[in-house]
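Got your viewer open? Load the model and let's take a short walk through it, from the whole chain down to a couple of residues.

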Amino acid sequence: MCGIVGGVTNNDITALLLEGLNRLEYRGYDSSGLIVLSKNNTFDRARSVGKVKNLEDNLKARDQKILGNIGIAHTRWATHGEPSISNAHPHISMNSVSLVHNGIIENYIDLKNDQLNKGYSFTSETDTEVIAHAIDFAMKSCNTLISSVQLAIKSFSGSYGLGIISSKYPDQIIAARKGSPLIIGIGKNGNYIASDQMALLSVTKEFIILEEGDIAEIKINKITIYDLDGILVNRPITISKLKEGQVDLGNYDHFMQKEIFEQPQAIRDTLESRITKDSVVISAFGHKAETIFKEAKQVQIVACGTSFNAGLVAKYWLEDIAKISCNIEVASEYRYRHPMLLDHTLFITLSQSGETADTVEALKTAKIINNNISTLCITNSAESSLTRLSDLTFLTHAGPEIGVASTKAFTTQLVSLALLTCTIGKLKNIINKKQEKKIIDGLKRLPGLVNEALLQEVQIKDLAIRFKDTNSALFLGRGTMHAIAMEGALKLKEISYIHAEAYPAGELKHGPIALIDRDMPVIAIAPNDELLGKLKSNLQEVKSRGSQMIVFEDTNSKVEAMDAMEVIPVTSNLGRITAPIIFTIPLQLLSYHVALIKGTDVDKPRNLAKSVTVE
Ligand code: G6P
């Protein structure tokens, strides 16, 4: 992960670099730094450990301002070397090359040994410093900066998004990408680079998305791009639909809170033009979708984190409602385990960012294993590695999600997967018109139902106090609610640092029941479905072991409240598709309020990053 921003402009670049870093901070926040070429073409660098705010304070405290028209900046999520000033980017080689890097150079130890023999010295423990030295070395035999970069990167294995400047070529930035996202922004007063468009929205809406292997030379009024083979290429300019206000907090205290409350609108936006009065719009999945879905014999889903939990819900839906066999696996396992992939598999990747390295690589692996499959990605990012690699793309219209803990991306993924289930079921003649209309009616009710569930916030806030001194919690659910329990446990872990596990309620007796005592709260989800009776028995088993319980229920479930068991009615009359989406809401609110009580950094929890573009 890590975030990169840079630019060559008519004006001083420092303020823009800081603004960009603030907008990219979701990508990593254990240290940050920037460097500019000052008037006499020397490097002026500042680096700080911790959040971007520390870098801002560092700059404010300086007697001499950092000024220059060309510069690069970086916010780091540590992979090689602890978060420290010396490991923070930008790195410099011989006062001639400086760069910022997102990715991992896997053969850096071999390169480092070679460079030590050549007389280079190292100031950091990172894998990145070898890139700077390799470019400096290449400059001895090349007569342009870009050709030096082209030569140097031949020796790297691994992934990189790079922003490079040189004191010997003070009019340009070189950008290079392989396996890590990088875009070019075209502005009125200059040209820019960044890991994503949000960083540059204040200066431009025009972007070029670099493709795998591209290397670009960016000057104030000229951009030249070469592809993997060194051939001059023209990449299209896209106009971003993002609005600046979308990435601001508005009246909220945290992005996570804002994004939880944006869910009714995000769901509305995701449904818009994808459904009619009573049916799903098949072409919303792309013009080849009808043929591909009709031919699909089974589904394989891969994803990570929250997106994986959404996929797990879809497994139940696809098999139960559309009657198509479905497997799901975490991408980091799938990509390495030589899986079997049958012909006519519909291979689905789920990813908010569209850039998660493991998910992207799992997709590439699948295409190598069997090219007689079709691929669909469901993502929140229109211009991403996954969309470029997939036959079909379905965009969740959640809008930018900044909070590291995913909320609206999850519920809009579920909505998208519900539409997919309905589409496949319909094309395979499993779902008739009446059933399709029922699903569509349920989906239309969702924004209102989410709003109702959000009204429980006051009650949930009170419950959250109980978790003040809790070290561990157990989440229980059956069927799709097991996946929702997993998402609830993940949210609690991510932002409150409380150990939380989710179990299918029926599995409790096979081990985890040994953990239950008064100090371990159990959170259960009780929809009014065919498994309710069994769930109620499981709740009794927990209750009789003395646990403090919280049950989120459908009012029609009528779970009896008892001592040490609080029952919170969330909603009523939910169906198989609406229920998992609605029961997600109280769990999001619970983890948010527990995190507030614990005083953690809700939007930037320790050790995490939103978009994990490294292995
Ligand atoms: C990171 C984030 C998680 C996210 C996961 C997958 O680990 O911290 O919140 O669920 O990546 O991200 P994706 O963008 O692929 O959905």
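Before we start, a contact here means heavy atoms within 4.5 Å. With that in hand, look at the whole protein, which is a predicted model: among contacts between residues at least 6 apart in sequence, 71% join residues at least 24 apart.

Stay zoomed out and colour by secondary structure. You should find 18 helices and 25 strands. Along the principal axes, the C-alpha atoms fill a box of roughly 75 × 55 × 45 Å. A compact globule of 615 residues would have a radius of gyration near 25 Å, and the protein agrees, with 25 Å.

Now switch on the surface. About 23900 Å² is exposed, and carbon and sulfur atoms supply 50% of that. Of the 615 residues, 61% count as buried. Colour by charge next: there are 66 positive and 69 negative side chains, and the centres of the two sets lie 3 Å apart.

Next, select helix H7, residues 263–271, and pick out Ala 266. Is Ala 266 buried or exposed? Its relative accessibility is 2%, so Ala 266 counts as buried. Show its neighbours: leaving out residues up to four places away in sequence, Ala 266 touches His 397, Ala 398, Lys 408 and Thr 412. Then draw a distance to Ser 611, 345 residues apart from Ala 266 along the chain; the two C-alpha atoms are separated by 20 Å.

Last stop: helix H12, residues 385–389, where you'll find Ser 385. Ser 385 is buried, because its relative accessible area is 9% and buried means under 20%. With the same sequence neighbours left out, Ser 385 touches Arg 177, Gly 354, Glu 355 and Val 360.

Terms used: Residues are numbered from 1 along each chain as its sequence is written. This is a predicted model: local features need pLDDT of at least 70, side-chain atom pairs count only at pLDDT 80 or more; totals for chains, interfaces and linings use all residues. Side-chain values use heavy atoms; hydrogens and water are left out. Helices (H or I, at least four residues) and strands (E, at least two) are DSSP runs, numbered from the N terminus. Buried means under 20% relative accessible area, exposed over 50%, partly exposed in between (1.4 Å probe, protein chains only). The radius of gyration is taken over C-alpha atoms; the globule rule is 2.2 Å times the number of residues to the power 0.38. Accessible areas come from the Shrake-Rupley method with a 1.4 Å probe; for residues, only the protein chains shown count as cover. Lys and Arg count as positive and Asp and Glu as negative; His and the chain ends are not counted. The place of a charge is taken as NZ of Lys, CZ of Arg, CG of Asp or CD of Glu.
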